[in-house]
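Open your viewer and keep the selection tool at hand. We will go from one stop to the next, with a note on what to look for at each.

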There are 2 protein chains.
Amino acid sequence: MVTVQATSIRDVAALAGVSVGTVSNVLNRPAMVAPVTRDKVTDAIAQLGFVRNESARQLRAGRSRTIGLVVLDVANPFFTDVARGAEEIADAKDTMVLLCNTGEDPRRELRHLEMLEQQRVLGVLITPVDTKNQRIEAMMRRGMPVVLVDRRSNRRNRCSVGVDDVLGGRLATSHLLDMGHRRIAFVGGPTTLQQVAERREGAAQALHGRAGSLLTIETPSLSISTGRKAAEQIAKLSATKRPTAVFCANDLLALGVLQELTRHGLRVPQDIALVGYDDIDFAAAAVVPLSSVRQPREQLGRTAADLLLEEVNDPQRHKHRQVVFEPELVVRESSSLRRSGLRGSTGTAPRRGAAAAVSLAD
Amino acid sequence: MVTVQATSIRDVAALAGVSVGTVSNVLNRPAMVAPVTRDKVTDAIAQLGFVRNESARQLRAGRSRTIGLVVLDVANPFFTDVARGAEEIADAKDTMVLLCNTGEDPRRELRHLEMLEQQRVLGVLITPVDTKNQRIEAMMRRGMPVVLVDRRSNRRNRCSVGVDDVLGGRLATSHLLDMGHRRIAFVGGPTTLQQVAERREGAAQALHGRAGSLLTIETPSLSISTGRKAAEQIAKLSATKRPTAVFCANDLLALGVLQELTRHGLRVPQDIALVGYDDIDFAAAAVVPLSSVRQPREQLGRTAADLLLEEVNDPQRHKHRQVVFEPELVVRESSSLRRSGLRGSTGTAPRRGAAAAVSLAD
DNA sequence: GATCATCAATGAATCGTTTCATGCGAGCAA
DNA sequence: TTGCTCGCATGAAACGATTCATTGATGATC
């Protein structure tokens with residue numbers, strides 16, 4: 001097979017009998033070309049199968065039409081929902097979303113950021129692996145708009161959309177305490193992830209001034225398989241030391257924990273209660289429907305894209321904002337059993353706190 | 001904030017006191033630049049925060065360093081695993097993967113293909129929405145390498161990697177027949193998706209010459225929520241008409257079916273047996289661990305990327321190949337109950353067929 | 001000291017677009 | 001007829017890199 005030499009705007013111009021400038025006008029400002037000429041050009045384009053070279057366009061026009069979305073894990077439904085939200089907004093503005101997966105690996109994150117900057121994307125939505133990321137700072141200094149996703153920026157010099165993770169951790173843990181649990185484990189990591197650190201912090205806050213202890217099991221990542229490994233450690237503990245409730249930093253971990261506890265003959269929620277985070281679709285469909293802290297995932301993506309495009313389209317007027325959503329605890333079977341010793345009835349979840357709703361779902 | 005005028009290779013050259021050609025050499029062929037000069041240049045690059053403009057590079061060099069991966073649904077773990085496999089291979093060859101999500105929408109698919117071709121990507125891996133896709137044919141005629149993913153090409157003029165979906169459908173349905181089921185439903189759609197059509201075809205084949213009927217419930221997509229809707233229809237049927245077993249075209253559907261059946265008081269597997277397809281991680285973690293047809297997902301992605309890069313790097317020697325993997329039935333609780341009337345014991349799965357392994361997993 | 005090979009660095013040409021100042025012809029008013 | 005405006009079309013000049021023929025400097029060899 002012969003690789004065909006790509007046809008350029010010149011070939012189209014030649015075939016249509018017009019100048020290259022006119023072809024470009026047909027492509028970009030069809031209104032200012034006479035209908036007869038326009039038809040000649042579009043015919044020529046169709047006949048030659050011409051496809052415009054985006055590199056050349058971008059080089060000259062100095063402006064790309066894509067934004068980058070850098071996430072920790074595309075296999076995590078949380079992020080695919082965020083992506084969906086971002087795409088929805090971008091689509092409406094004729095902008096494409098480049099989805100990049102770091103797999104929580106700083107080196108891959110760096111590679112993706114480099115690529116995005118080399119491509120001169122309009123801007124970047126990112127959930128960074130590390131709290132401190134030199135590269136991001138540098139990019140911003142060079143004028144690249146960046147919005148942090150699922151992370152709060154303490155600095156005022158950039159936009160961020162996030163969910164109050166401390167509150168989320170507090171909600172989950174208070175609920176477990178209310179259900180009569182005293183030995184609670186937090187499973188999650190790495191703690192370099194701000195989300196993880198804050199959810200744990202929330203758990204610690206909930207315990208403040210109340211009877212109960214928090215055992216932290218740090219994991220290297222947030223996947224189902226690491227969840228299984230963490231549960232193995234828990235299962236190995238003696239019954240008197242073993243926590244009676246586990247709060248996981250996300251649902252994937254929780255699902256892994258659930259599988260592995262079950263394999264070891266530990267029942268959820270009878271022996272160990274379980275609460276996850278994110279409320280992904282699979283949580284409700286788990287062996288034991290999983291209590292979880294729900295975040296407005298698509299909303300997060302939409303808001304992030306909105307903020308970014310606002311900054312892109314009008315950098316002068318744009319004011320950096322830090323948007324924080326509130327999470328919501330969804331109680332399901334995995335944590336709905338009141339701890340024995342406090343009369344063993346299946347209790348419904350109590351409302352706690354003013355701002356945060358605690359809802360009971362199927 | 002002032003948007004800084006992007007620094008170019010000229011600025012670097014000026015600061016380092018060398019020519020632009022030398023800077024380019026440092027970037028692309030550092031070995032042929034004297035160490036002293038090289039250091040001057042790299043210092044200048046660092047000092048200016050220079051980031052190479054990929055558009056310009058690509059325009060002149062005439063060659064990009066990315067491949068496109070177009071999938072039906074990024075929220076489906078099947079595809080994220082395929083993506084992971086493809087990325088693994090691409091990474092090793094210093095190539096980036098652009099992940100594009102069509103959401104089974106032909107219009108979005110078209111937009112993504114246009115964008116990829118405009119960007120002059122090295123090639124495209126795609127699971128097309130329609131069996132016949134003009135645009136793909138056109139792209140190939142223009143010399144763009146394309147590999148079909150999770151789909152068999154009957155034509156010899158292109159590469160494809162797929163799994164024998166007819167066999168998969170046969171495995172699942174034979175298993176259900178062996179467990180004593182006679183009224184079996186197939187849930188899946190749209191049938192324009194080749195995978196769906198073939199899995200159904202396999203189901204029909206399994207019934208050939210055996211007692212039993214196949215009820216087809218066509219769905220508009222392959223998500224959890226459409227699965228719920230399908231289950232609603234099933235639940236509405238009278239007990240005598242209702243199928244005793246359901247085979248779903250993928251696991252997401254099956255999980256949805258499972259949730260909704262349970263909500264209607266129908267027990268799995270006692271009232272209705274259930275088999276899914278893909279064996280995603282969540283299948284084993286479902287309320288009732290889900291029997292499913294397993295496909296070598298990452299392998300699929302790796303092989304596809306391998307084929308594509310082979311064609312890209314040596315178009316002369318490359319021979320198009322159609323790789324077909326064999327699926328494997330994994331029997332779990334959702335279908336492991338032998339149908340009453342044939343003595344109601346929990347049976348283990350029988351081995352069926354020569355090539356296809358039927359394994360019993362936890 | 002002349003000749004030649006080797007190694008580095010140079011800078012102009014080029015990739016395929018977009019953009020914009022310029023040209024041109026038709027139509028219209030004076 | 002002249003002078004203007006208006007509507008389209010033109011084509012040369014960018015954009016920022018890569019590439020390659022050419023030049024220059026340095027040693028080595030005779």
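## Start at the axis

Select A:V287 first: among the residues of chain A, A:V287 comes closest to the rotation axis, with its C-alpha at 1.5 Å. Do bear in mind throughout that this is a predicted model.

Now show both protein chains. What rotation superposes chain A on chain B? The answer is 180°, with 0.1 Å of shift along the axis and an RMSD of 0.1 Å. That is the relation of a two-fold axis. The two copies meet through the same surface, as 100% of the contact residues of chain A recur in chain B.

## Chain A on its own

Hide everything but chain A and colour by secondary structure: there are 13 helices and 13 strands to find. The radius of gyration is 26 Å, well over the 21 Å from the globule rule for 362 residues, so chain A is more spread out than a compact globule. Turn the C-alpha trace along its principal axes, and the spans are about 90 × 50 × 35 Å. Buried residues make up 49% of the 362 in this chain. If you like contact maps, count the contacts with a separation of 6 or more: 71% of them join residues 24 or more positions apart.

## The two DNA strands

Bring back chain B and select DNA strand D. Which residues are closest to DNA strand D? They are A:G21, A:T37, B:S8, B:I9 and B:S24, out of 27 that surround the strand. The elements giving two or more residues here are α2 (20–28) and α4 (54–61), in chain A and in chain B. Colour this surface by residue class and you get 13 nonpolar, ten polar and four charged residues.

Next, switch to DNA strand C, which has 28 residues around it; the closest are A:I9, A:S24, A:R60, B:G21 and B:T37. Here too, α2 and α4 of chain A and α2 and α4 of chain B each give two or more residues. The most come from α2(A), with six residues. By class, the surface near DNA strand C has 13 nonpolar, eleven polar and four charged residues.

## Last stop: B:M179

Finally, centre on B:M179, in the loop of chain B between α8 (165–178) and β6 (183–188). Is B:M179 buried or exposed? B:M179 counts as buried, because it has 23 C-beta neighbours inside 10 Å. Add B:R339 to the selection: the two residues are 160 apart in sequence, yet their C-alpha atoms are 5.9 Å apart in space.

Definitions and conventions
Residues are numbered from 1 along each chain as its sequence is written. Chains are lettered from A and ligands numbered from 1 in the order in which they are written. This is a predicted model: local features need pLDDT of at least 70, side-chain atom pairs count only at pLDDT 80 or more; totals for chains, interfaces and linings use all residues. Helices (H or I, at least four residues) and strands (E, at least two) are DSSP runs, numbered from the N terminus. The radius of gyration is taken over C-alpha atoms; the globule rule is 2.2 Å times the number of residues to the power 0.38. A residue is buried if 20 or more other C-beta atoms lie within 10 Å of its own, exposed if 12 or fewer, and partly exposed in between; C-beta atoms are placed from the backbone. Two residues are in contact if their C-beta atoms, placed from the backbone, lie within 7 Å. A residue is near a molecule or strand if its C-beta atom, placed from the backbone, lies within 6 Å of it. Ala, Val, Leu, Ile, Met, Phe, Trp, Tyr, Cys and Pro count as nonpolar, Asp, Glu, Lys and Arg as charged, and the others, Gly among them, as polar. Copies are superposed by least squares on the C-alpha atoms of residues with pLDDT of at least 70 in both.
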